[in-house]
Amino acid sequence: MRVIIDSAIPYINGILEPFTEVIYAPANEINAQSVKGCDAMIIRTRTKCDRELLEGSKVKFIATATIGTDHIDISYCLSKRIIIASAGGCNARGVLQWVAATLKHICTSDKKQPSNYTLGVVGVGNVGSLVAEYARKWGFNVMECDPPRAKREKLDFYSIEEIAKQCNIITLHTPLDSSTHHLIDDKLLDMMGDDTTIINASRGAVVDNQAIVKRSNRYIFDVWEDEPNIDLDVLNHATLATPHIAGYSKQGKANATAMSVRALASYFGLPLMTWYPEGITPTTPQDITWQELCNTIDHYCPISRQTDILKQEPERFEAMRNNYDYRNEYF
């Protein structure tokens, strides 16, 4: 058996070698030729798994060490009976703490308390539900929007139009699909007040970047359309900007790698079903007051400093992402 692994995935070196042949490759070198003789892949978002990559290969299992799967042609993989495993929820607390840093920045800049804001959480899954839970404890007025869950579970969520009209902060935590592509567009932006701040840590194309840059709204982006070749005008107008690292915590990365290894082990019958990276302590969830957060979050997630670096050297977007010093989750 042979497995090809994105070499930027942490904590995995040496783990599978006792059981299978392993090829490590940068994302830009995972191509039809390098994949051809492989039975399995462990990848990130930079590898587009479609017919062009997989046709004629032996691949029957793909694990993505990410929460999203929009880089994988699910229909094609199903037609070829290729099993897909993702790492949903792996970095939820890492993203929560990145969002917390943005909320602290907004309140500090405006010299206001959380109770002065109505926060719209769009996408109430692993990440969005945590953001909503903690934001309520911190004093924000929270409105939640999740049309798929509302339909599937008969839950009473707000519509995206109600979120646009009533919220002065909107944070996005949706997958990218046909229903969420350019969810935030000119029509929805027209419904928002000029003082509405949009936070995006989901996928770049959930927001029409060219539409928002023409507006006076503040926006805080971790994800961008066409990344890593991001539009410099969009970057320079951002209030805060990071290179797709909102979920890049030590624990989030360890969780993602462990979930990928365990899924592969389950499929191929390897004795790694309980494996977890040594030296990483999983996060113990705990409450934190708004004042405690304000006193500590910049130490763990220095988002203003990262913004300055990205705006000064935008051409290094991918290098910054690949060489990011993973943060420690602390609540």
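**Asking why: Gly204, two helices and a sheet**

Reader: Where does Gly204 sit in this chain?
Author: Gly204 is in the loop that links β9 (197-200) and α9 (209-212). Keep in mind that this is a predicted model.

Reader: Why is Gly204 called buried?
Author: Buried means under 20% relative accessible area. Gly204 has 6% relative accessibility, so it counts as buried.

Reader: And which residues is Gly204 in contact with, leaving aside neighbours within four places in sequence?
Author: Those are Asn209, Val223, Trp224 and Glu225.

Reader: On to the helices. What makes α4 roughly perpendicular to α12?
Author: The axes of α4 (residues 92-110) and α12 (residues 290-300) cross at roughly 105 degrees, coming within 10 Å. Angles from 65 to 115 degrees count as roughly perpendicular, so that label fits α4 and α12.

Reader: Which residues meet there?
Author: From α4 you get Gln97, Ala100, Ala101, Leu103, Lys104 and Cys107, and they meet Trp290, Leu293, Cys294, Ile297 and Asp298 of α12. The contact divides into 8 nonpolar, 1 polar and 2 charged residues.

Reader: What makes β2 and β5 edge strands?
Author: The open sheet has 5 strands in the order β2-β1-β3-β4-β5, with parallel pairing. β2 (21-25) and β5 (83-85) each pair on one side only, and that puts them at the edges.

Reader: How do you know that β1 and β2 pair?
Author: Pairing takes at least two bridges. Strand β1 (residues 2-6) is joined to β2 by 5 bridges, so they pair, and they run parallel. Across that pairing, Ile4 stands opposite Ile23 in β2.

Notes:
Residues are numbered from 1 along each chain as its sequence is written. This is a predicted model: local features need pLDDT of at least 70, side-chain atom pairs count only at pLDDT 80 or more; totals for chains, interfaces and linings use all residues. Side-chain values use heavy atoms; hydrogens and water are left out. Helices (H or I, at least four residues) and strands (E, at least two) are DSSP runs, numbered from the N terminus. Buried means under 20% relative accessible area, exposed over 50%, partly exposed in between (1.4 Å probe, protein chains only). Contact means heavy atoms within 4.5 Å. Axes are lines fitted to C-alpha atoms, for helices over the stretch in contact, and angles run from 0 to 180 degrees between N-to-C directions. Angles under 35 degrees count as roughly parallel, over 145 as roughly antiparallel, 65 to 115 as roughly perpendicular and the rest as oblique. Ala, Val, Leu, Ile, Met, Phe, Trp, Tyr, Cys and Pro count as nonpolar, Asp, Glu, Lys and Arg as charged, and the others, Gly among them, as polar.
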